[in-house]
Amino acid sequence: MAEDLSSMYHVNGHVKWFDPAKGYGFVVSNDGGPDILLHVNVLRNFGQSSVADGAQIEIVTHRTERGVQAVEVISIAPPERGEAAVLADFAELDAEAMESAELEPARVKWFDKGKGFGFANVFGRSEDVFLHIEVLRQSGLADLQPGEALAMRVIDGKRGRMAAEVLAWEAAVTQDED
């Protein structure tokens with residue numbers, strides 16, 4: 001079945017809400033108009049299984065009989081946040097040192113959105129790395145699935161190794177190419 005390319009639109013907006021358990025959410029265009037359906041499969045094609053509410057998003061959409069839906073994610077930027085440190089563990093750390101930490105490839109061991117935390121393993125290392133939900137939110141993610149590939153900036157926190165930034169693996173690979 002051929003796509004009608006005349007109904008494809010490039011849209012910049014923000015995520016109104018996204019529920020990984022339901023497998024969908026909605027985007028609001030910066031130019032107004034109807035809410036845009038964002039299905040989890042479109043996010044997965046971008047390399048993520050979730051996206052934080054309020055994240056800025058650039059998508060390609062398609063108008064269907066049932067409404068407008070995203071067909072491709074071009075980019076995602078985390079939601080705006082204040083200048084305060086996300087976690088107390090980060091308050092005393094040098095921001096430049098955190099941002100310059102190397103991106104490390106990792107896999108999610110487990111993550112419980114209800115508890116607000118989980119753990120991942122950096123490839124080639126045995127220790128767990130703590131993942132806090134606020135770090136996910138500041139990174140533009142809302143949830144993680146076991147086995148999901150990530151790139152993380154890891155620091156030595158007060159209670160052990162912890163993620164200071166989490167990126168979808170594909171986003172991290174793209175960032176390294178820039």
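This report describes a predicted model of one protein chain, from its overall make-up to two loop residues and a strand pair.

## Overall make-up

The chain has 178 residues, and 42% of them count as buried. Its secondary structure consists of five helices and 10 strands.

About 10000 Å² of the chain is exposed, with carbon and sulfur atoms supplying 48% of that area. Among contacts in the chain with a separation of 6 or more, 55% are between residues 24 or more positions apart.

## Gln 48, a loop residue

Gln 48 lies in the loop that runs between helix H1 (40-46) and strand E4 (56-64). Its relative accessible area is 6%, under the 20% cut-off, so Gln 48 counts as buried.

The side chain of Gln 48 reaches the backbone oxygen of Ser 50 at 2.8 Å. With neighbours within four places in sequence left aside, the residues in contact with Gln 48 are Leu 43, Ile 76, Gly 140, Leu 141, Glu 148 and Ala 168.

## Asn 30, a second loop residue

Asn 30 sits in the loop between strand E2 (24-29) and strand E3 (36-39). The relative accessibility of Asn 30 is 51%, and the cut-off for exposed is over 50%, so this residue counts as exposed.

Asn 30 is in contact with Asn 12, Gly 13, His 14 and Gln 56, again leaving aside neighbours within four places in sequence. Asn 12 is 18 residues from Asn 30 along the chain, and the C-alpha atoms of the two are separated by 5.9 Å.

## The E7 and E8 hairpin

Strand E7 (residues 117-122) pairs with E8 in the antiparallel sense, over five bridges. One of the residues involved is Phe 117, whose bridge partner in E8 is His 132.

The two strands, E7 and E8, form a hairpin with five residues between them. In the turn, Gly 124 has a positive phi of about 85°.

## The two faces of strand E8

In a regular strand the side chains alternate between the two faces of the sheet. Strand E8 (residues 128-132) shows this alternation. Val 129 and Leu 131 point to one face and are buried. Asp 128, Phe 130 and His 132 point to the other face and are not buried.

His 132 thus appears in two descriptions: it is the bridge partner of Phe 117, and its side chain is on the face of E8 whose listed residues are not buried.

How values were computed:
Residues numbered from 1 in each chain as written. Predicted model: local features only at pLDDT ≥ 70, side-chain atom pairs only at ≥ 80, totals over all residues. Heavy atoms only, no water. Helix = DSSP H or I, 4+ residues; strand = E, 2+ residues; numbered from the N terminus. Buried < 20%, exposed > 50% of the residue type's maximum accessible area, 1.4 Å probe, protein only. Polar contact = N/O pair within 3.5 Å; in protein donor to acceptor, adjacent residues only side chain to side chain. Contact = heavy atoms within 4.5 Å. Areas by Shrake-Rupley, 256 points an atom, 1.4 Å probe, with all protein chains shown as cover. Pairing = 2+ DSSP bridges.
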